[in-house]
Amino acid sequence: GGAETSGEVQVGDQLLAVNGETVKGMGFDAAMDAIVKAEGDVTVRLNRPPADRNVAWATLTEEEQQRRLDSSGIIKVCTDRACMNQGSKATVRWLTELTPETFSVTRCSCTGNCGNGPNVVVGGKGKPEKVVYETNSVGQAVKMLMEEFELSVDPQKVQNLINPDKNVEFALSDELVRQGLMQTVDVRSSFAGNRF
């Protein structure tokens, strides 16, 4: 339908609201009814897994790896079993949230020294790659960014990571967004006949 041809809605998106009215949890039929009944332009609020956070360094083309190496900085977080057990998913989320968009934050395989993780590889802009161990808290992530990239971090972002606001109505989705597993996007378009 129109949503697919617009390219704005992607497979895996979760519908939260239609024109500001909550449809999350109402079931498929109720959500479709809200879309069909909407007139004119339709704004849908969706939760979407962010693409870059799910990418593994080894899966990138050589050109893409080089583009990222030439960017402001690259950060590769080990997501092998030992580092995963030590919180590497959260580390990816923190570093993605705390760094500017020009930084590349990706997953990578084992960096060695298992048991001292999550291990993080830093580099870029002509800087040789280096492994940083025990990036297992927001504070350690901030310290690493300041020491390795001389990057000042927005205190409000740090506070939001340490103590995020909760919305009871969307508690599960909020938690997934907080963990960096999903992002919230708004899509505004005229869908022919409001048919997804």
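**Exercise 1. Classify the exposure of N19 and describe its backbone and its place in the chain.**

*Solution.* In this predicted model, N19 has a relative accessible area of 38%. Buried residues fall under 20% and exposed ones over 50%, with partly exposed in between; N19 is therefore partly exposed. As to its place, N19 sits in the loop between β1 (14–18) and β2 (21–22). Its backbone shows a positive phi of about 50°, although N19 is not a glycine.

**Exercise 2. Describe N113 in the same terms: where does it lie, and what is the sign of its phi?**

*Solution.* Begin with the location: N113 belongs to the loop between β5 and β6. Next, the backbone: phi is positive, at about 55°, and N113 is not a glycine either. Finally, the exposure: the relative accessibility is 40%, so N113 counts as partly exposed.

**Exercise 3. Identify the residues joined by a cis peptide bond, and locate P118.**

*Solution.* The bond in question links G117 and P118, with omega at about 0°. P118 is found in the loop between β5 and β6.

**Exercise 4. Determine the strand order of the open sheet of 4 strands, and name its edge strands.**

*Solution.* The order is β5-β4-β6-β7, and the pairing is mixed. Strands β5 (103–108) and β7 (127–132) form the edges, since each pairs on one side only. From one strand to the next, the twist averages 15°.

The mixed pairing can be followed at β4. Strands of a sheet pair through backbone hydrogen bonds, either parallel or antiparallel. Toward β5, β4 runs parallel and is joined by 6 bridges; within this pair, V77 stands opposite R107 in β5. Toward β6 (residues 120–124), β4 (residues 73–78) runs antiparallel and is joined by 4 bridges. There, I74 has G123 of β6 as its bridge partner.

**Exercise 5. State which strands helices α3 and α5 touch or lie across, and give the angle of each to β4.**

*Solution.* Helix α3 (residues 62–69) packs on the sheet and touches β4, β5, β6 and β7. The direction of α3 makes about 115° with that of β4. Helix α5 (residues 88–98) lies across β4, β5 and β6, and runs at about 165° to β4.

**Exercise 6. Decide whether edge strand β5 is largely enclosed or largely open to solvent.**

*Solution.* Count the buried residues: 5 of the 6 residues of β5 are buried. Strand β5 is therefore largely enclosed by the rest of the structure, although β5 is an edge strand that pairs on one side only.

**Exercise 7. Characterise the surroundings of T99: is it buried or exposed, and which residues does it touch?**

*Solution.* T99 lies in the loop between α5 and β5. Its relative accessible area is 6%, so T99 is buried. Leaving aside residues up to four places away in sequence, T99 touches I75, V105, L145 and L151. A polar atom of the T99 side chain also lies 2.7 Å from the backbone oxygen of L95.

**Exercise 8. Summarise the protein as a whole: how many helices and strands are there, and what share of residues is buried?**

*Solution.* The secondary structure comes to 8 helices and 8 strands. Of the 196 residues, 39% count as buried. The accessible surface comes to about 11100 Å², and 49% of it belongs to carbon and sulfur atoms. Among contacts between residues at least 6 apart in sequence, 69% join residues at least 24 apart.

Definitions and conventions. Residues are numbered from 1 along each chain as its sequence is written. This is a predicted model: local features need pLDDT of at least 70, side-chain atom pairs count only at pLDDT 80 or more; totals for chains, interfaces and linings use all residues. Side-chain values use heavy atoms; hydrogens and water are left out. Two strands pair if DSSP finds at least two bridges between them. Helices (H or I, at least four residues) and strands (E, at least two) are DSSP runs, numbered from the N terminus. Axes are lines fitted to C-alpha atoms, for helices over the stretch in contact, and angles run from 0 to 180 degrees between N-to-C directions. Contact means heavy atoms within 4.5 Å. Buried means under 20% relative accessible area, exposed over 50%, partly exposed in between (1.4 Å probe, protein chains only). A polar contact is a pair of N or O atoms within 3.5 Å; within protein, one must be able to donate a hydrogen and the other to accept it, and residues adjacent in sequence count only if both atoms are side-chain atoms. Accessible areas come from the Shrake-Rupley method with a 1.4 Å probe; for residues, only the protein chains shown count as cover.
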